[in-house]
Amino acid sequence: MKIVLQNLTKSFPSRNKKDEEVIAVNNFDFTIPDGQLIGLLGPSGCGKSTTLYMISGLQKPTSGKIFFGDDDVTELSTEKRGIGLVFQNYALYPHMTVKQNILFPLQNLKGADKLTKEQMLERAYQAAKLVQLEDFMERKPSELSGGQQQRVAIARALVKMPRVLLLDEPLSNLDARLRLQTREEIRRIQRETKITTVFVTHDQEEAMSISDMIVVMKLGVVQQIGKPQEVYDSPANLFVAKFLGTPPINVFAGKVKGGRLFIGADDVMAVKDVPDQEVYVGVRPEGFILSENGPFKCGLVNVEVMGRDVSIVASNDACQGASIRAIIDADNKVSPDQETVRFAFKPHKVFLFKKDTEERIFCEVK
Ligand code: ADP
Ligand code: MG
């Protein structure tokens, strides 16, 4: 089921000042292709949940429209949209067994949708099988791990065979290992069922790892939409560049002068067709090349061995963060006793941004 979000906007009256409103989602315009898993990504408060609630019908847009396929569902109630919803807190009924929890949504179906007891059970077992919980049907939620409880919640969302699956930070309550496992599980289930899915998270790694496409939001406004790798490799602005990637991108104050890029006083690269101006320079941690005669001089702070790679922590006055972090192959030997270290850059890992708007300056660097 393709989902069309057309100029979707949601504003809330302010909680403190009477006249000012909060625009939680601002003019969201996007078509989610059928059968894809979309990661809605951004820091807390950027409007992810509000977007999801509007798709689900739990919240009405202030303006704009939502279509499922060709159907305008903007005015349709949540129950009639054919969606499955999963939240951060699994919200299972504690006194019911897994089976009863999964059956629950089927028991209130009316009219033509009404199922016989056998049909309901068959559906419940199908859903349980999908999340690999068929052996746990008689347990109570309290007898399950957090990851298993969340899988019950997913089975309960799937049992009505929804047209659209909506997940709001479904992994946030799980510990690191279960989070990893459950996210792979969600990806597998989504691939098997081919249900169009919107997955909300503030965790960039989570979104990047399971999404067909990610939508990066900031303060209610969509910043960039694309395949995870494409967005990482070509961020539209400094915010997106900083939000994606661990360790995060290194940001420097720089300038373009006469076709050369300077970071601080160091003339580091050639740039093509960019007028002279001050810029921010973003360099991905993997974009540094350790080089004795490299143009970029830094103080060496620390060398962290990570096995396959080495993480070099360095300092430079132009650096906008606390320190520079460069990830290089462990074959490169750096002595922690060195006082300075010099780098060259991989051109495709270096991005320029306008000083005022922080928009990307698309250009060729060498
Ligand atoms: P996210 O899920 O990305 O953390 P939300 O969609 O929950 O963000 O919230 C987006 C913005 O809208 C926030 O500034 C939040 O405070 C505001 N907001 C959300 N729900 C309400 C509400 N019911 N009333 C007033 N403001 C709200
Ligand atoms: Mg939220």
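A pocket, on a 1 Å grid over the protein atoms alone, is an open set of points with protein on both sides within 12 Å along at least five of seven lines, whereas a cavity is a set of points where a 1.4 Å probe fits but cannot get out; lining residues have an atom within 4 Å of a point. Grid points are joined across faces, edges and corners, and a volume is the space filled by probe spheres set on the points.

This is a predicted model, in which local features need pLDDT of at least 70, side-chain atom pairs count only at pLDDT 80 or more, and totals for chains, interfaces and linings use all residues. Residues are numbered from 1 along each chain as its sequence is written, chains are lettered from A and ligands numbered from 1 in the order in which they are written, and side-chain values use heavy atoms, with hydrogens and water left out.

**Exercise 1.** Describe the second largest pocket by volume, lining and class of residue.

Solution.
- Step 1, volume: the second largest pocket has about 420 Å³.
- Step 2, lining: 16 residues line the second largest pocket, and Ala24, Gly45, Cys46, Gly47 and Thr50 lie nearest its centre.
- Step 3, elements: two or more lining residues come from each of strand S1 (3-13), strand S2 (21-32) and helix H1 (48-56). Helices (H or I, at least four residues) and strands (E, at least two) are DSSP runs, numbered from the N terminus. H1 gives the largest share, 3 residues.
- Step 4, classes: the lining holds 5 nonpolar, 7 polar and 4 charged residues. Ala, Val, Leu, Ile, Met, Phe, Trp, Tyr, Cys and Pro count as nonpolar, Asp, Glu, Lys and Arg as charged, and the others, Gly among them, as polar.

**Exercise 2.** List residues that surround ligand 1, then find polar contacts made by Gly45, Gly47 and Thr50.

Solution.
- Step 1, surroundings: the residues around ligand 1 (a heavy atom within 4 Å) include Phe12, Arg15, Val22, Ala24 and Pro43, and the run Ser44, Gly45, Cys46, Gly47, Lys48, Ser49 and Thr50.
- Step 2, criterion: a polar contact is a pair of N or O atoms within 3.5 Å; within protein, one must be able to donate a hydrogen and the other to accept it, and residues adjacent in sequence count only if both atoms are side-chain atoms.
- Step 3, backbone: a backbone N or O atom of Gly45 is 2.6 Å from an oxygen atom of ligand 1, and a polar backbone atom of Gly47 is 3.0 Å from an oxygen atom of the ligand.
- Step 4, side chain: Thr50 places a polar side-chain atom 2.5 Å from an oxygen atom of ligand 1.

**Exercise 3.** Is Ser211 buried or exposed, and which atoms does its side chain reach?

Solution.
- Step 1, place: Ser211 sits in the loop between H6 and strand S9 (213-218).
- Step 2, accessibility: Ser211 is buried because its relative accessible area is 8%. Buried means under 20% relative accessible area, exposed over 50%, and partly exposed in between (1.4 Å probe, protein chains only).
- Step 3, polar contacts: the Ser211 side chain reaches the backbone nitrogen of Gly39 at 3.3 Å, and one of its polar atoms lies 2.6 Å from the backbone oxygen of Ala207.
- Step 4, contacts (heavy atoms within 4.5 Å): beyond neighbours within four places in sequence, Ser211 touches Leu37, Ile38, Gly39, Arg187 and Pro228.

**Exercise 4.** Place Val215 and Asp203, and state how accessible Val215 and Asp203 are.

Solution.
- Step 1, Val215: this residue is in strand S9 and counts as buried because its relative accessibility is 0%.
- Step 2, its contacts: apart from neighbours within four places, Val215 is in contact with residues including Phe28, Phe30, Leu40 and Ile225. Val215 and Phe30 are 185 residues apart in sequence and 9.4 Å apart in space, C-alpha to C-alpha.
- Step 3, Asp203: this residue lies in the loop between strand S8 (196-201) and helix H6 (204-210), and is partly exposed because its relative accessibility is 23%.
- Step 4, its contacts: the Asp203 side chain reaches the backbone nitrogen of Glu205 at 2.9 Å. Leaving aside neighbours within four places in sequence, Asp203 contacts Leu41 and Arg179.
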